[in-house]
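Please find below some points on the strand arrangement of this model, set out one by one for comparison with the coordinates.

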Amino acid sequence: MHFEFEHLGTTTPFELAEGQHLLGGGPEDQVRLEALPPGFLTLRIEGSRLTVEAARTFTVNDVLVPPGVPRLVLPGEVVGLPEEMRLKVLQPPDGGTRGVGTVAVLKHLLTEQAGELPSRAPTLTCLTGLDVGRTFPLAEAKTDIGRGTQVDFRLRDRAVSRSHARILREGSAFTLVDLDSPNGVYLNGRRLQATAPLAEGDVIELGKTLLRFQAAVEEPAAPAPEPAAPAAPSESTPPPSEAQDAALPSPVEPARVKSRAEGWFIGLGVATALGGVLITYALLS
């Protein structure tokens, strides 16, 4: 693969073979640039495909790339390095195009788009190509993806095989499977070897199409209702003891009971005496 290094107005072309190469200022770096830290940038070349990853933040076409994140780089794109150094990826000399075409993307940027609402169901969202913006729910145990008419998620991308990839679901776990497609399946910039588990925010590359996997959002359990606090007693409400006493029948005072009994006995005595007087008067007359 052909590159062009630029620093202080001086341009130096160079070429790297397929494989992994370290670029930095250390003695172990294959591409040595004294002004850079040792092992600053890792370049992985697979055919006409280039992935770069750095130990520190760098840029691609003036877009920041955080450390430790693989970044796909297309011919013509410029990698920005410290000390105002630039590394440009040149077009192949024969004018050929990249075997597995894609839009250069950064997972960090794709998974943190502003205004995106989380989905309650697991989904695939198309990020590039003719189907950009489409969202497909992963509700079945098996979801086939491709360009053919028999697949579950059909893409209008001629670089995608008729039956390109498959996603298997087992409970809350998802697995990505390459269906032996000629162009292969890439997960977060790395070519898939048969199968791999999927995690939230993973970027899948099929042909020139990028798909983002979004896991289901678990709803938090509803909190148990708190017991209602007892109402504060008002001034007109008697205390509990007084209220209970008020609900019971009032006892009759002993003095009143005694006075009533004496009245009955006195009245009965008077009536008896009068009856005796009347009987005696009647006998004498």
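1. In this predicted model, His 2 has Glu 15 of strand 2 standing opposite. The two residues belong to a pairing in which strand 1, covering residues 2-7, runs antiparallel to strand 2 and is joined to strand 2 over 6 bridges.

2. Strands 1 and 2 are part of an open sheet of 6 strands, whose order reads 2-1-11-10-7-8 and whose pairing is antiparallel. Strand 2 (10-15) and strand 8 (63-65) each have a single partner strand and stand at the edges, so one side of each is left without a neighbour in the sheet. On average, and with direction ignored, neighbouring strands of this sheet are turned by 25° against each other.

3. Pro 27 is found in the loop that lies between strand 3 (19-24) and strand 4 (31-32). With a relative accessible area of 66%, Pro 27 is classed as exposed because this value is over the cut-off of 50%. Pro 38 is 11 residues apart from Pro 27 along the chain, and the C-alpha atoms of these two prolines are separated by 7.6 Å.

4. A further open sheet consists of 5 strands in the order 15-14-16-17-20, and here the pairing is mixed. Its edges are formed by strand 15 (153-154) and strand 20 (195-197), each of which pairs on one side only.

5. Within that order, strand 16 (residues 165-170) and strand 17 (residues 173-178) run antiparallel and are joined by 6 bridges. For Ala 165, the bridge partner in strand 17 is Asp 178.

How values were computed:
Residues are numbered from 1 along each chain as its sequence is written. This is a predicted model: local features need pLDDT of at least 70, side-chain atom pairs count only at pLDDT 80 or more; totals for chains, interfaces and linings use all residues. Side-chain values use heavy atoms; hydrogens and water are left out. Two strands pair if DSSP finds at least two bridges between them. Helices (H or I, at least four residues) and strands (E, at least two) are DSSP runs, numbered from the N terminus. Axes are lines fitted to C-alpha atoms, for helices over the stretch in contact, and angles run from 0 to 180 degrees between N-to-C directions. Buried means under 20% relative accessible area, exposed over 50%, partly exposed in between (1.4 Å probe, protein chains only).
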